[in-house]
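User: Hello! Please walk me through this protein one question at a time.

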Amino acid sequence: MRAFNTVALILGGGRGTRLYPLVKARSKPAVSLGGQYRMIDIPVSNCINSGFRNIYVITQFNSASLNNHIYNAYRFDNFSGGHVSILAAEQTDTNIDWYQGTADAVRKNLSHFDKEYVNNVVILSGDQVYRMNYNVMLQHMLETGADIVVGTVPVVREDAKGFGVMLVNKRGQITNFHEKPKEDDALNALKLSEEQKKMFNIEDPNKEYLASMGIYVFRHSVLKELLADVSMIDFGKDIIPEAIKRYKVYSYAFQGYWEDVGTIKAYFEANISFGSKNPPFDFYDENAPIYTHVRYLSPSKVEKANVTSSIIADGCRIENATIKECVIGVRSVVQSGSTLERVVMMGSDYYEDNDDIERLNVRHIPKIGIGKKCTLKNVIIDKNVRIGNDVVITNKKKIQHQDSEFYCIRDGIVIIPKNTIVKSGTII
């Protein structure tokens, strides 16, 4: 099996309501990650590091920002060949409906990669953080004689309710698959035995279930046969359960760090972890780096600041502030006397010059960034947000879920949406 015989499809997801309001004006793969990356950079970089050059990103909602990022970040030269292409939902003479599910999205784009030279199709999610050489799954397919290989990770019982969960036999072939089992009877039936846990080198006693990563490798011909049934619209709910009845479907147990960041809480905690002393995931690896759009910004300027366990991206300006367990995105400005603890700040798309600032002052509008003497804790600040002086955002009342005119709260985390203006003296 060769990388040039393989096509990679990255699913951009639906409306992404679990990540609202971060997906209010952008698709999930376009959401900022780790200060200067986007979610889409993870699967695309994994593909590039695996030698894949035919990469498609399937989107349906708010794809303009993603289009722009991919255009600026991923351009292959004429000698190496290859592409990263956006396949946005479109209505045609034969298809008048939008994507109904993950499998339906792939079915409606089949013509783009239904080529004679394509032997395998790798299907990936656009909202996960991990590093993998996908060739190991292709090799696993070759060694087992599988028609389909599903990437899997061990999870605890509570997390199993949000994933596709499976049982396998001694050879690693999947014998039972249940998408997001909620009932106790279903969960109990899918619980791994001690022998199976040893087979997958699962040492954590609490991780008793084998969950799908949402990463699939299909033989091209098998994928076409399964997609021929138009009633099957989703991989987890329809395709995989049907496939284990008709084909050889095997599990590939992934051993490294993997995190689904499709919810606000998971997204927030993953970002905060990147700045720790020993982060579970490092964006830089000499042999398998995570790529992104190169902006050629100046180094960040930090004056009299106290910074601990944090990431500060390029082009930032931080003056006499306290930064603890934060991710500070590109072009961020934090003014004197402010304290940030467990804050994910996405930064800005542009700098403001002196003329801009003078015009804003006349209208009593704060500059982009965080003003003076502010206190923020457990907050996500989207791009181009303007926070005035003496603002306090700490969710002192410990509200878990709320929607307001200029902020949202999810799992106790306050989110300030893109382009929002927070007036001086505001308390949340």
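Analyst: Let's start with a term: a salt bridge is a side-chain nitrogen of Lys or Arg within 4 Å of a carboxyl oxygen of Asp or Glu. This is a predicted model, in which local features need pLDDT of at least 70 and side-chain atom pairs count only at pLDDT 80 or more, while totals for chains, interfaces and linings use all residues. Residues are numbered from 1 along each chain as its sequence is written, and side-chain values use heavy atoms, with hydrogens and water left out. One pair to find on the model is D403 and R410, whose side chains meet in a salt bridge with an N to O distance of 2.9 Å.

User: Is R410 buried or exposed?

Analyst: Here we use relative accessible area (buried is under 20%, exposed over 50%, partly exposed in between, with a 1.4 Å probe and protein chains only). R410 has a value of 13%. That is under the 20% cut-off, so R410 is buried.

User: Which residues do salt bridges with shared partners join into one network?

Analyst: The structure holds 16 salt bridges. Where they share partners, they can form a network, and one such network consists of D104, R107 and K108.

User: How many residues apart in sequence are the parts that K224 and D114 tie together?

Analyst: The side chains of K224 and D114 form a salt bridge, 3.3 Å from N to O. K224 is in helix α8, while D114 is in the loop between α3 and β6; helices (H or I, at least four residues) and strands (E, at least two) are DSSP runs, numbered from the N terminus. Both residues count as partly exposed, K224 at 35% relative accessibility and D114 also at 35%. Because they sit in these two places, the pair links parts whose separation in sequence is 110 residues.

User: In which helix do E242 and R246 both lie?

Analyst: E242 and R246 form a salt bridge whose closest N and O atoms are 3.6 Å apart. E242 is partly exposed at 23%, and R246 is partly exposed at 43%. They are four residues apart, about one turn of the helix, and both lie in α9.

User: Within what arc do the buried residues of α8 fall?

Analyst: In α8 (residues 220-227), H220, V222, L223, L226 and L227 are buried. They line one face of the helix, because seen down the axis of α8 (taking directions from the axis to the C-beta atoms) they fall within an arc of 165 degrees.

User: Which elements do the buried residues of α8 pack against?

Analyst: Packing is judged by contact, meaning heavy atoms within 4.5 Å. By that rule, the buried residues of α8 pack against two helices and three strands: α3 (102-107), α9 (235-246), β6 (120-125), β8 (148-156) and β11 (207-219).

User: Which residues does T426 contact, leaving aside neighbours within four places in sequence?

Analyst: T426 is in the segment after β29 (421-422). At 15% relative accessibility, T426 counts as buried. Its contacts are D390, V391, V392 and F406.

User: How far apart in space are E341 and I323, C-alpha to C-alpha?

Analyst: E341 belongs to strand β21 (residues 339-345) and is partly exposed at 24% relative accessibility. Not counting residues up to four places away in sequence, E341 touches K324, C326, L376, K377 and N378. E341 and I323 are 18 residues apart in sequence, and their C-alpha distance is 6.2 Å.

User: How much space lies in the largest cavity?

Analyst: On a 1 Å grid over the protein atoms alone, a cavity is a set of points where a 1.4 Å probe fits but cannot get out, a pocket is an open set with protein on both sides within 12 Å along at least five of seven lines, and lining residues have an atom within 4 Å of a point. Points are joined across faces, edges and corners, and a volume is the space filled by probe spheres set on the points. The structure has two cavities of 30 Å³ or more. The lining of the largest includes R331, M345 and I368, and its space is about 40 Å³.

User: Which strand gives the largest share of the lining of the second largest pocket?

Analyst: This pocket has a volume of about 310 Å³. Of its 20 lining residues, R317, V333, Q335, K367 and I368 lie nearest its centre. At least two lining residues come from each of β14 (301-303), β20 (333-334), α11 (354-362) and β17 (317-319). The largest share, three residues, comes from β17.
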